[in-house]
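Please open the model in your viewer and keep the selection panel at hand. This tour suggests what to select next and says what is there.

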Amino acid sequence: MLIRKAEDLKWSDVTPESLYLRRRDFLATAAVPVLAGAASLLTGRGAAAQDNGQALSANKSPLSTTEPPTPYEDVTTYNNFYEFGTDKGDPARNAGKFKTRPWTVTIDGAVGKGGQFAIDDLIKPYQLEERIYRLRCVEAWSMVIPWIGFPLGDLLKKVEPLPNAKFVEFKTILDPKQMVGQRGTVLDWPYVEGLRLDEAMHPLTILVVGLYGKVLPNQNGAPIRLIVPWKYGFKGIKSIVRIRLVEKQPRTTWNADWPEAYGFYSNVNPDVSHPRYKQDKERRIGEFFKRKTLMFNGYDQVASLYSGMDLKKNY
């Protein structure tokens, strides 16, 4: 290999910093090759999917999309869960021994009937549904996933929001001993997300406890996570330990870390680009060609929630 001295190098020989920093971004959104081996490399299949095999019974929901689901292996080995690492395969590699029992969820703030609930007691009153929803990432890739859960609004009604409740704040467990990513400072831990109360009460918003007919794998947010299908995926906070109803808009993790890139509302809006990624097209994991990104990720039934709002400013 030819090694060139520093004085022999020209600026044109140096990889621009912007391209170097975007290397990982490119790998995440690159075209998925036809060859299975190359596809496995790009989708993180080098990590073994954690699957405890426990089946969940759920009714089929009419709210599901009719699009074919993304393969289970891709869904469980290619995802963002920074608590277990920043690479797409890290959650599957690092979350296998994460303990999700015993587990409690605290519901408090502006509610009439709050408290601390064991996870199984929290879930038990609700009939689980399978909802096949699209998931859209700001990195311009997407999936279709058969989630299993129940409407968040049903739970919120049960705890009786007070008149001053305007927003819902969610918080992930803080446990650096189990979550290796929390030992670093890539984000301000614990992870916090939030919704406006009417968004949280919308029938499409669900708390998820499983996928593909099975208990939710650790790397996908076990034992309970949020899915808001018309929003970017980072709004789907994982491993929830607290749900708090508040009067003022909560300070959420990504919005606080980089507000120019991650708006509080984070509705899928093809006309608003992330500083690193255009949003008008996306690549469905497992497909070669890009497809057009749909406003609200195609869930037009939520448009009335934002009547009169500037959706370029409140993206």
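The tour goes from the whole chain to its strands, then to a sheet, and ends with side chains.

**Before selecting anything**

This is a predicted model, in which local features need pLDDT of at least 70 and side-chain atom pairs count only at pLDDT 80 or more, while totals for chains, interfaces and linings use all residues. Residues are numbered from 1 along each chain as its sequence is written, and side-chain values use heavy atoms, with hydrogens and water left out.

**The whole chain**

Show the chain as a cartoon, where you can look for 9 helices and 13 strands; helices (H or I, at least four residues) and strands (E, at least two) are DSSP runs, numbered from the N terminus. Of the 315 residues in the chain, 52% are buried, where buried means under 20% relative accessible area, exposed means over 50%, and partly exposed lies in between, with a 1.4 Å probe and protein chains only. Switch on the surface, and the accessible area comes to about 15500 Å², of which 54% belongs to carbon and sulfur atoms; such areas come from the Shrake-Rupley method with a 1.4 Å probe, and for residues only the protein chains shown count as cover. Among contacts (heavy atoms within 4.5 Å) with a separation of 6 or more, 72% are between residues 24 or more positions apart.

**Strand S8 and its partners**

Select residues 206-211, which form strand S8; 6 of its 6 residues are buried, so the strand is largely enclosed by the rest of the structure. Two strands pair if DSSP finds at least two bridges between them, and S8 pairs with strand S5 (residues 141-151) in the antiparallel sense over 5 bridges. Add Ile-148 to the selection, and you will find this residue opposite Gly-210 in S8. Gly-210 also stands opposite Val-215 in S9, where 2 bridges join S8 and S9 in an antiparallel arrangement. In the hairpin of these two strands, with 2 residues between them, Tyr-212 takes a positive phi near 50°. S8 is also joined to S10 by 3 bridges, again antiparallel, and here Val-208 stands opposite Arg-225.

**From S5 to S12 and S13**

Return to S5 and add strand S12 (residues 281-284), since the two pair in the parallel sense over 2 bridges, with Trp-141 and Arg-283 as bridge partners. Next select strand S13 (residues 291-292), which pairs with S12 in the antiparallel sense over 2 bridges. S12 and S13 form a hairpin with 6 residues between them, and Gly-286 in the turn has a positive phi of about 100°.

**An open sheet**

Now colour the 5 strands that form an open sheet of mixed pairing, in the order S3-S2-S11-S6-S7. Strand S3 (115-118) and strand S7 (192-196) stand at the edges, each with a single partner strand, so one side of each has no neighbour in the sheet. On average, neighbouring strands of this sheet are turned by 20° against each other, direction ignored. Select helix H7 (residues 152-159), which packs on the sheet and touches S2, S6 and S11, its direction making about 60° with that of S11. These directions are axes, that is, lines fitted to C-alpha atoms (for helices over the stretch in contact), and the angles run from 0 to 180 degrees between N-to-C directions.

**Charged pairs**

Side chains of opposite charge can pair when their charged atoms come close. A salt bridge is a side-chain nitrogen of Lys or Arg within 4 Å of a carboxyl oxygen of Asp or Glu, and by this rule the count comes to 17. Show Lys-88 and Glu-139 as sticks, which meet in a salt bridge at 3.0 Å, N to O. Lys-88 lies in the loop between helix H4 (72-77) and helix H5 (90-94), and Glu-139 in the loop between strand S4 (129-136) and S5, so the pair ties together parts that are 51 residues apart in sequence. Both Lys-88 and Glu-139 are buried.

Then show Lys-235 and Glu-193, whose closest N and O atoms are 2.7 Å apart in a salt bridge. This pair links distant parts of the chain, with Lys-235 in the loop between S10 and S11 and Glu-193 in strand S7, 42 residues apart.

**Last stop**

Where does Gln-219 lie? Gln-219 is found in the loop between strand S9 (214-215) and strand S10 (225-227), and its side chain reaches the backbone oxygen of Thr-76 at 2.8 Å.

Notes: Polar contact = N/O pair within 3.5 Å; in protein donor to acceptor, adjacent residues only side chain to side chain.
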